[in-house]
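Trainee: Could we sit down with this model and go through it one question at a time?
Mentor: Gladly; let's open it up and begin.

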Amino acid sequence: MLAQHGITEVILSCSYLVEEVRRTMGDGAVYGVHLRYAVETEPLGTAGGIRNSVNPADSGLVIVLNGDILTDADLGALLAFHAERTARVTIYLTRVPDPTRYGLVELGDRGRIRDFVEKPDPARVTTDTINAGVYVLDRALLARIPPGRMVSIEREIFPALVGDGVPCYGWIGSGYWIDIGSPEKYRQAQLDLLAGRVATRVTPAGPWMGGRWIADGVTLGPTVTLVSPCVIGAGSRLDPECRVGPNAVLGEDCSVGRGAVVEGAVLWEQVDVGERALLRDCIVGSGARVGAGAQIGPGVVLRSDVAVPDYARLWP
């Protein structure tokens, strides 16, 4: 999305499983960007991580995107709004039915921010516009973030800027947005991608076949049933009489045994599903093994490398 909007200098701030992230993302060339990494040896918070990543003395705007959201926000429109208002901070806002889980942002004239209300009680809800985790910042303002310690941009920096009269604005986007910080929302994001509800240039590996994406090296046994939409990762093996889909995502090198059913489920890499097993509306971590005849039900999350015995039943 950044490359699509002409933003090619990207810094990824990370602290957990950094080498896994590097291995997966590389230098960003495949995405059309130059990707660098800023590593936190200790957690620095949402503002401290930015301060650790960016030199305030350099020139140009800084765009910050939280890593636990999926959005197709029009960054070009966001930047145009920022310029038109002569803003020093612009926050992407989105409307949600239940804003109590998020930070509310109250707006005044022409979208200027009046106040922040962090995760309010229902009685204190005054608006449905929430901080959507995408910011345009005047780089010089980053000098106000104390270096080397944990600092929250939502609770400390933004309220202080508004209190000091710094021109801070909220831009209400109409695009897709979801917080994928919970298993339920993560799985919903997968389903929304499959359903085409997210505007993206990225498609699953492999050719599109009527709502089915089948990557290279997939082995399909006779009488396999694939129900759209679904994604089958490279090197996966589907044995005879199994059924995959609808709304199923299989990572690379998965295997689905004879007569097994996988629907509404997200499987990471190298998951082994036994014969006649049933997986429905769940998430399965990499390298997990689900025994023959086992049943994994809605909302269940299996960690990586776990082994579920034959005929076990994990169901709400």
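What follows is a conversation about pockets, strands, cysteines and backbone geometry.

Trainee: What kind of model is this, and what pLDDT do local features need?
Mentor: Residues are numbered from 1 along each chain as its sequence is written, and side-chain values use heavy atoms, with hydrogens and water left out. This is a predicted model in which totals for chains, interfaces and linings use all residues, side-chain atom pairs count only at pLDDT 80 or more, and local features need pLDDT of at least 70.

Trainee: Which element supplies the largest share of the lining of the second largest pocket?
Mentor: A pocket here is an open set of points on a 1 Å grid over the protein atoms alone, where a 1.4 Å probe fits, with protein on both sides within 12 Å along at least five of seven lines; lining residues have an atom within 4 Å of a point. This one is lined by 18 residues, with Asn 66, Tyr 102, Glu 118, Asn 131 and Glu 154 lying nearest its centre. Strand S8 (129-138), helix H4 (153-163) and strand S10 (177-179) each supply at least two lining residues; helices (H or I, at least four residues) and strands (E, at least two) are DSSP runs, numbered from the N terminus. The largest share, 4 residues, comes from S8.

Trainee: How many charged residues are in the lining of the second largest pocket?
Mentor: Asp, Glu, Lys and Arg count as charged, while Ala, Val, Leu, Ile, Met, Phe, Trp, Tyr, Cys and Pro count as nonpolar and the others, Gly among them, as polar. By that scheme the lining has 5 nonpolar and 6 polar residues, and its charged residues number 7.

Trainee: Why is S8 described as largely enclosed by the rest of the structure?
Mentor: Buried means under 20% relative accessible area, exposed over 50%, and partly exposed in between (1.4 Å probe, protein chains only). S8 is largely enclosed because its buried residues number 9 of the 10.

Trainee: In S8, which residue is the bridge partner of Leu 93?
Mentor: Two strands pair if DSSP finds at least two bridges between them. S3 joins S8 through 5 bridges in an antiparallel run, and there Leu 65 has Val 134 as its bridge partner. Strand S5 (residues 89-95) is also antiparallel to S8, over 6 bridges. The bridge partner of Leu 93 in S8 is Asn 131.

Trainee: Which residues does Leu 79 contact beyond its neighbours within four places in sequence?
Mentor: Leu 79 sits in helix H3 (residues 75-84) and is partly exposed, at a relative accessible area of 26%. Contact means heavy atoms within 4.5 Å. Outside those sequence neighbours, the contacts of Leu 79 are Leu 61, Ile 63 and Val 136.

Trainee: Which are the edge strands of the open sheet that includes S15?
Mentor: That sheet has 6 strands in the order S12-S15-S18-S21-S24-S27, with parallel pairing. An edge strand pairs on one side only, and here those strands are S12 (219-220) and S27 (307-308).

Trainee: In S20, which residue is the bridge partner of Leu 250?
Mentor: Another open sheet has 6 strands in parallel pairing, in the order S11-S14-S17-S20-S23-S26. Its strand S17 (residues 248-250) is joined to strand S20 (residues 266-267) by 2 bridges. The partner of Leu 250 in S20 is Leu 267.

Trainee: Why does Cys 230 form no bond with the closest cysteine sulfur, and how far away is that sulfur?
Mentor: A disulfide is a pair of cysteine sulfur atoms within 2.5 Å, and by this rule the count is 0 disulfides. Cys 230 is buried, at 0% relative accessibility. Its sulfur is too far for a bond because the closest cysteine sulfur, in Cys 242, lies at 10 Å.

Trainee: Which residue does a cis peptide bond join to Ser 228?
Mentor: Most residues other than glycine have a negative phi, and most peptide bonds are trans. The bond from Gly 245 to Pro 246 is cis, with omega near 0°. Another cis bond, with omega about -5°, joins Ser 228 to Pro 229.

Trainee: Is Thr 223 buried or exposed?
Mentor: Thr 223 lies in the loop between S12 and S13, and its phi is near 65°, a positive value in a residue other than glycine. With a relative accessible area of 56%, Thr 223 is exposed.
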